[in-house]
Amino acid sequence: MTMINAYDSAQADALSPADRALIDRRAKALGPAYRLFYDQPLHIQRSEGVWLWDKDGRKYLDAYNNVASVGHCHPRVVEAITQQLGVLNTHTRYLHENVVAYAERLLATMPDALGHVMFTCTGSEANDIALRMARSYTRREGVIVTRLAYHGLTEAVAELSPSLGDFTPRSPRIRLIDAPDTLRIPAAEQGAKLAADLAQAIAEMRADGIEPAAFIVDTVFSSDGLHPDPAGFLQPAVELIRAEGGLFIADEVQAGFARTGDAFWGFQRHGLVPDLVTMGKPMGNGFPLSGTAMRPELVKEFGEKARYFNTFGGNPVAAAAGMAVLDVIADEGLQNNSAKVGGFLKDGLQEIATRYPEIGHVRGAGLFLAVECVTSRETNAPDAARAKFVVNHLRENGVLISATGPGANILKIRPPLVLQQAEAQVFLDAVEVALAAAGAEGS
């Protein structure tokens with residue numbers, strides 16, 4: 001499967017000799033599995049807040065990066081990491097105040113039923129340990145995911161990530177169901193359809209002698225094209241998996257840490273208490289930090305018989321980074337900012353859409369938005385070429401986003417939570433210009 005918005009070496013003649021040479025060296029040293037973004041890849045050298053600068057000093061508005069969720073190189077996060085790194089960094093088999101205090105602080109943002117958290121380094125590891133725990137607790141193997149989901153890269157969770165492509169093997173114990181489709185399925189039917197599809201997948205799994213252990217979703221369905229609404233539509237599917245003896249795993253790597261504005265965690269928008277919650281990317285604002293929170297009963301036997309250790313997971317520097325991120329979100333009011341500026345962006349995009357019938361739908365929650373490009377509103381057929389044009393036009397004019405979805409036609413907009421209204425207006429102006437240029441290109 002070709003990655004959406006991937007660099008194609010056929011475009012190499014448009015690059016500078018220096019960048020072509022660096023790409024050649026990169027391919028020789030790193031091998032063929034890596035990918036670069038954009039028709040003309042970016043050579044980034046520094047960052048601050050919502051801005052990136054390339055090797056020539058050109059400035060780009062980062063409207064895509066949820067890793068640096070409280071802003072690139074936030075001084076409080078940098079200071080916390082630097083200070084702790086200068087004193088001690090070791091593993092969790094020694095007592096240290098930081099990891100305990102951070103765990104308590106993180107769990108305080110979640111429902112009381114989620115009583116423990118275990119720390120890892122990446123979202124893949126977090127989902128890996130959640131999967132191990134779910135299978136250990138239920139004594140079952142089956143897992144249901146959505147059709148274009150992404151949950152990580154380890155051998156165990158790569159088969160839960162169909163967005164990686166058909167080359168990645170998937171065993172019979174994994175079943176795929178359609179994701180929500182906000183454009184084509186009425187809001188009132190979204191929850192019932194998801195639950196019905198889940199029920200069918202469970203029945204097919206059982207016909208092959210496999211019992212369901214878990215249903216795992218990214219709670220805003222970002223890789224599937226971003227479908228956060230209507231709030232609450234996940235409830236019927238979660239009730240069903242539990243009634244059938246399985247667990248619900250909420251993957252909060254994309255939706256968590258105040259991203260949606262109206263809640264700190266994506267699952268809270270649906271009125272749910274998951275059995276397991278996995279976290280990653282924005283957790284340390286770029287420092288490798290992830291984790292899995294769970295109901296205590298799920299880890300009791302696992303902890304007694306298997307134990308757990310991760311050399312770098314939950315180390316003192318990681319805990320300092322994570323605590324600083326929580327402090328910044330609280331002290332700078334970033335959940336409220338996500339709601340306010342995200343609302344401004346959404347209103348602006350919807351207003352732009354009134355002038356461009358090639359925009360089939362604008363949707364989102366907080367500072368996570370999607371614009372679906374279609375050939376016409378009569379058919380709602382995906383227009384991947386238009387999405388690709390807009391993404392690259394924006395890049396050429398100093399604004400960075402990407403694209404997603406089963407039709408490769410959905411603009412994915414996910415800026416750091418510190419985005420301000422003036423910067424959001426820069427983004428909106430650039431989108432209008434890009435859409436106008438796309439229309440002229442196609443006429």
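Leaving aside neighbours within four places in sequence, Q190 is in contact (heavy atoms within 4.5 Å) with P180, D181, T182, I185, P230 and F233. The model is a predicted one, in which local features need pLDDT of at least 70, side-chain atom pairs count only at pLDDT 80 or more, and totals for chains, interfaces and linings use all residues. Residues are numbered from 1 along each chain as its sequence is written, and side-chain values use heavy atoms, with hydrogens and water left out.

Q190 belongs to helix 6 (residues 187-207). Helices (H or I, at least four residues) and strands (E, at least two) are DSSP runs, numbered from the N terminus. Q190 has a relative accessible area of 2% and is therefore buried. Buried means under 20% relative accessible area, exposed over 50%, and partly exposed in between, with a 1.4 Å probe and protein chains only. One contact of Q190, P230, follows a cis peptide bond: D229 and P230 are joined with omega at about 0 degrees. P230 lies in the loop between strand 7 and helix 7 (235-243).

Two other loop residues have an unusual backbone setting. Most residues other than glycine have a negative phi, and most peptide bonds are trans. Y38 is not a glycine, yet its phi is positive, at about 75 degrees. Y38 sits in the loop between helix 1 (17-30) and strand 1. Its relative accessibility is 3%, so Y38 counts as buried. N285 also is not a glycine and has a positive phi, of about 55 degrees. The loop between strand 9 and strand 10 holds N285. N285 is buried as well, at a relative accessible area of 10%.

Strands 9 and 10 take part in an open sheet of 7 strands. The strand order is 4-10-9-8-7-5-6, and the pairing is mixed. Two strands pair if DSSP finds at least two bridges between them. Strand 4 (116-120) and strand 6 (174-177) stand at the edges. Each has a single partner strand, so one side of each is left without a neighbour in the sheet. From one strand to the next, the twist averages 20 degrees.

Within this sheet, strand 5 (residues 142-146) runs parallel to strand 6, and 4 bridges join them. I144 has R175 of strand 6 as its bridge partner. Strand 5 is also joined to strand 7 by 3 bridges, again in parallel. Here G142 has P212 of strand 7 as its bridge partner. Strand 7 and strand 8 run parallel and share 5 bridges. The bridge partner of A214 in strand 8 is L247. In strand 7 (residues 212-218), 7 of the 7 residues are buried, so the strand is largely enclosed by the rest of the structure.

Helices pack on the sheet. Angles run from 0 to 180 degrees between N-to-C directions, and axes are lines fitted to C-alpha atoms, for helices over the stretch in contact. Helix 3 (residues 97-107) touches strand 4, strand 9 (276-279) and strand 10 (290-294). The direction of helix 3 makes about 120 degrees with that of strand 4. Helix 8 touches strand 4, strand 8 (247-251), strand 9 and strand 10. The direction of helix 8 makes about 60 degrees with that of strand 4.

Helix 8 (residues 296-305) also packs with helix 4 (residues 123-138), at an angle of about 85 degrees and with the axes 9 Å apart. That makes helix 4 roughly perpendicular to helix 8. Angles under 35 degrees count as roughly parallel, over 145 as roughly antiparallel, 65 to 115 as roughly perpendicular and the rest as oblique. Helix 4 contributes I129, R132, M133, S136 and Y137 to the contact, and helix 8 contributes E297, L298, V299, E301 and F302. These residues divide into 6 nonpolar, 1 polar and 3 charged. Ala, Val, Leu, Ile, Met, Phe, Trp, Tyr, Cys and Pro count as nonpolar, Asp, Glu, Lys and Arg as charged, and the others, Gly among them, as polar.

Helix 9 (residues 316-331) is largely enclosed by the rest of the structure, because 12 of its 16 residues are buried. Its buried residues, including P316, G322 and I329, pack against helix 2 (75-85), helix 3 and helix 10 (334-353).

A further open sheet has 4 strands in the order 1-2-3-13, with mixed pairing. Strand 2 (residues 51-54) and strand 3 (residues 59-62) are antiparallel over 3 bridges. W53 stands opposite K59 in strand 3.
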